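Visitor: I've got a model open and I'd like to learn how to read it feature by feature. Could you walk me through it?

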Amino acid sequence: MEAFEDENPFENEPERLQQSDSSSSRANVSSLSSPVAHQEARAISPPTSPNRRNTFPSPGSHRQPQAFKSDFCCARDRWLHSGEEAEILIVDALKTSVNSASPYITYVIRAGTAEAQHRYSEFESLRTNLVKLYPTLIIPPIPSKQTIGDYAIKQAKAKEDAAMIGRRKRMLQTFLNRIARHPIISNEHIFHRFLDGEVSWAEVLHSPPVSLLPKNILKAPSHNPTDQTVALAYAALPNPSVAHPLRRPDQRFLDSEVFTNKFAAHMSGPMEKVTRRTMKRWSDLAHDHSELGATLNGFSLNETGQLSVAVEKTGQAIDATYMSTTKLIQDFEQNWAEPLHEYTQFASIIKKLLQYRHQKHVQYEMTQEALETKREQLEELEKNEREARRLEEALSQGRSSTLRTPSSSGGEGVEREGQREGEEGEGEREREEERPSHRQEESVYLPPHPGPNPVKRRAPGMGLLSALSYTLHGMMDVDPETARRNSITKNKETISQLEDALHLAAQDLKYSSSTIQADLDRFQRQKVADLREMAISLARSHQEWCKKNLEAWEEAKAEIAKIPEHPNRLPDDGAKGAGTRGRRDSMATVGEGQQ
């Protein structure tokens with residue numbers, strides 16, 4: 001883990017001071033340059049006595065001092081921000097079937113003087129809604145669900161597995177305490193109501209702000225996803241995918257993604273595998289010691305004298321080793337394996353957080369591109385409109401010049417016009433006289449019809465598509481000038497919407513970037529404090545294991561030392577030669593007997 005500290009992008013100016021106003025349950029968005037107004041300066045953890053064992057998660061350097069808060073929304077809020085070390089406990093797990101056809105497990109939560117009971121699915125819904133309400137913050141994980149394999153092996157007993165229930169109790173307690181120690185989420189009233197046993201959780205889920213959450217979190221403000229006043233403006237924003245590339249990526253978050261991927265690979269890869277293998281081997285060792293201790297205790301009953309006592313003490317020492325090893329395994333699981341798995345989940349959470357910020361960045365760039373495209377289209381349409389008006393003015397000027405004629409040629413024009421009208425009148429009379437004869441000829445002979453369904457003959461060279469297009473154009477009264485002006489109006493409206501959407505996307509991107517970076521800094525301090533506490537707990541557990549084993553084996557050694565040096569010799573001979581020869585070889589007895 002040493003390499004991570006040198007290239008860690010999360011640790012960014014840890015000594016900066018953030019002024020805050022923690023009376024609100026939302027981060028201040030009026031000043032987008034510093035949206036994490038609830039974040040305070042890092043504090044040094046208070047000294048603790050060597051005998052005091054800290055509970056996990058560690059209240060170390062990531063725990064920031066709470067700012068003064070005068071207005072509280074409820075009694076739970078007052079208790080959480082009272083200035084004292086508020087510790088939420090899960091004191092019990094009860095089996096019940098209230099409002100359900102099948103039994104289930106509820107976990108009893110004690111927060112100060114209040115007690116509440118919630119099942120696992122309600123913890124899950126709490127976390128899901130906190131993720132939607134705070135899309136730019138790292139929401140702590142809850143323990144994983146039972147796998148299909150576990151249910152297949154244990155079937156109906158899976159929900160009643162004592163080890164699984166105990167693990168869930170510890171990890172759900174850690175989840176609640178992490179939220180209680182978060183500088184922003186601890187102000188959320190939904191969390192306060194979750195801790196209050198007098199509130200129905202179903203009522204909370206069907207009331208604001210949970211009921212106001214949008215279906216798509218990308219089309220909602222990052223600072224307040226329940227804001228309904230800007231829903232129409234956000235509807236114009238695109239819905240990009242996670243895989244969409246960025247034209248201008250932010251190098252800070254590229255480094256954060258690289259670091260998170262490496263951290264996740266170490267947590268979920270070698271460290272968890274080695275941890276599981278270590279626990280398995282310690283369990284096998286404890287099992288072997290329990291069998292060996294029982295065997296030696298049984299063997300001591302077949303012997304007499306000091307040998308029987310010594311064998312019995314040896315068996316008891318092995319039993320003590322078994323018990324201390326079992327305790328070591330429990331401590332190892334609670335203080336090392338479970339936090340390690342939690343940080344594997346944290347790595348996945350941070351990945352999703354960075355993906356959300358990536359999608360917000362893509363959303364901004366796509367809106368910018370769409371706005372530029374619409375502006376180019378509008379410019380082209382306005383250019384065509386100007387050219388059409390110029391051409392219309394030129395044509396109107398040409399018509400007015402042709403209609404204007406000199407006064408000298410006015411008489412001749414009148415005479416020519418009169419002659420033309422007279423000729424047209426005579427021609428019309430001649431045509432009227434010829435029409436009856438033509439009608440008589442047509443009634444005499446009618447040519448046969450070419451087919452049963454006479455249709456209008458198409459013009460030569462027209463295909464099916466051309467005919468269809470011709471028909472549609474004939475049906476519609478297409479006016480190019482009107483269509484062009486309508487397009488200009490629509491483009492202006494779309495550009496106005498996109499400008500509003502671009503402004504909102506820019507605000508969201510700025511807020512998301514600064515808030516996510518600040519929470520990553522807080523998480524890094526939390527991680528360092530937790531890993532330190534994990535390492536100290538691991539060392540303390542091994543120290544206690546060694547201490548208990550040493551005491552047990554010292555007692556066994558004292559009893560073993562009371563056995564005579566050479567049981568095959570008489571006590572008198574052994575006493576005489578003890579001062580000169582010391583401890584004799586066991587083979588000497590065999591040689592003397594042969595002589």
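Visitor: Let's begin with the cysteines. Why is there no bond between the sulfur of Cys73 and the closest cysteine sulfur?

Guide: One caution before that: this is a predicted model. As for the idea, a disulfide needs two cysteine sulfur atoms within 2.5 Å. Here the sulfur closest to that of Cys73 belongs to Cys74, and at 3.7 Å it is too far for a bond. Searching the whole structure turns up zero disulfides.

Visitor: And are those two cysteines buried, exposed or partly exposed?

Guide: Cys73 has 42% relative accessibility, so it counts as partly exposed. Cys74 is partly exposed too, at 23%.

Visitor: On to strands. Which strands does β2 pair with, and in what sense?

Guide: When reading a sheet, look for the bridges. Strand β1 (residues 89-96) is joined to β2 by seven bridges, and the two run antiparallel. One position to look at is Leu94, whose bridge partner in β2 is Thr106. β2 also pairs with strand β3 (residues 114-119), again in the antiparallel sense, over six bridges. There, Arg110 stands opposite Glu115.

Visitor: What connects β2 and β3?

Guide: They form a hairpin, with two residues between the strands. Check the backbone angles in the turn: Gly112 has a positive phi of about 70°.

Visitor: How many residues of β2 are buried?

Guide: Seven of the eight residues in β2 (residues 104-111) are buried, which means the strand is largely enclosed by the rest of the structure.

Visitor: Now the rings. How many aromatic pairs does the structure hold?

Guide: Eight aromatic pairs. For any pair, read the centre distance and the angle between planes. Take Phe123 and Phe194: their centres are 5.1 Å apart with 75° between the planes, an edge-to-face pair. Phe123 sits in helix α3 (residues 120-133) and Phe194 in helix α6 (residues 189-195), so this pair ties together parts that lie 71 residues apart in sequence. Phe194 also pairs edge-to-face with Trp201, at 5.0 Å centre to centre and 85° between the planes.

Visitor: Are Phe194 and Trp201 buried or exposed?

Guide: Both are buried. Phe194 has a relative accessible area of 0%, and Phe123 is buried at 0% as well. Step back and you'll see ring pairs linking Tyr107, Phe123, Phe194 and Trp201 into a cluster.

Visitor: Which charged ends sit over rings?

Guide: For this feature, compare the position of the charge with the ring centre. The charged end of Arg119 is over the ring of Tyr104, 3.8 Å from its centre. Likewise, the charged end of Arg168 lies over the Tyr120 ring, 4.0 Å from the centre.

Visitor: Last topic, the interior. Which residues have the most contacts inside the largest nonpolar core?

Guide: In soluble globular proteins, nonpolar side chains tend to be buried together. In this model, the largest nonpolar core has 34 residues, and those with the most contacts inside it are Ile88, Phe123, Leu176 and Phe191. The elements giving it two or more residues are β2, α3, α5 (162-180), α6 and α7 (201-205). Of these, α5 supplies the largest share, seven residues.

Visitor: What is Phe123 in contact with, leaving aside its neighbours within four places in sequence?

Guide: The list includes Ile90, Tyr107, Ile109, His118, Leu172, Leu176 and Phe194. Apart from the largest core lies another, of 26 residues, with Ala264, Met267, Leu328 and Phe332 among them.

Terms used. Residues are numbered from 1 along each chain as its sequence is written. This is a predicted model: local features need pLDDT of at least 70, side-chain atom pairs count only at pLDDT 80 or more; totals for chains, interfaces and linings use all residues. Side-chain values use heavy atoms; hydrogens and water are left out. Buried means under 20% relative accessible area, exposed over 50%, partly exposed in between (1.4 Å probe, protein chains only). Helices (H or I, at least four residues) and strands (E, at least two) are DSSP runs, numbered from the N terminus. Two strands pair if DSSP finds at least two bridges between them. Rings of Phe, Tyr and Trp (its six-membered ring) pair if their centres lie within 6.5 Å; planes under 30 degrees apart count as stacked, over 60 as edge-to-face and the rest as tilted. A charge sits over a ring if NZ of Lys or CZ of Arg is within 6 Å of the ring centre and within 35 degrees of the ring normal. A nonpolar core is a set of buried Ala, Val, Leu, Ile, Met, Phe, Trp, Tyr and Cys residues joined through side-chain atoms within 4.5 Å. Contact means heavy atoms within 4.5 Å.
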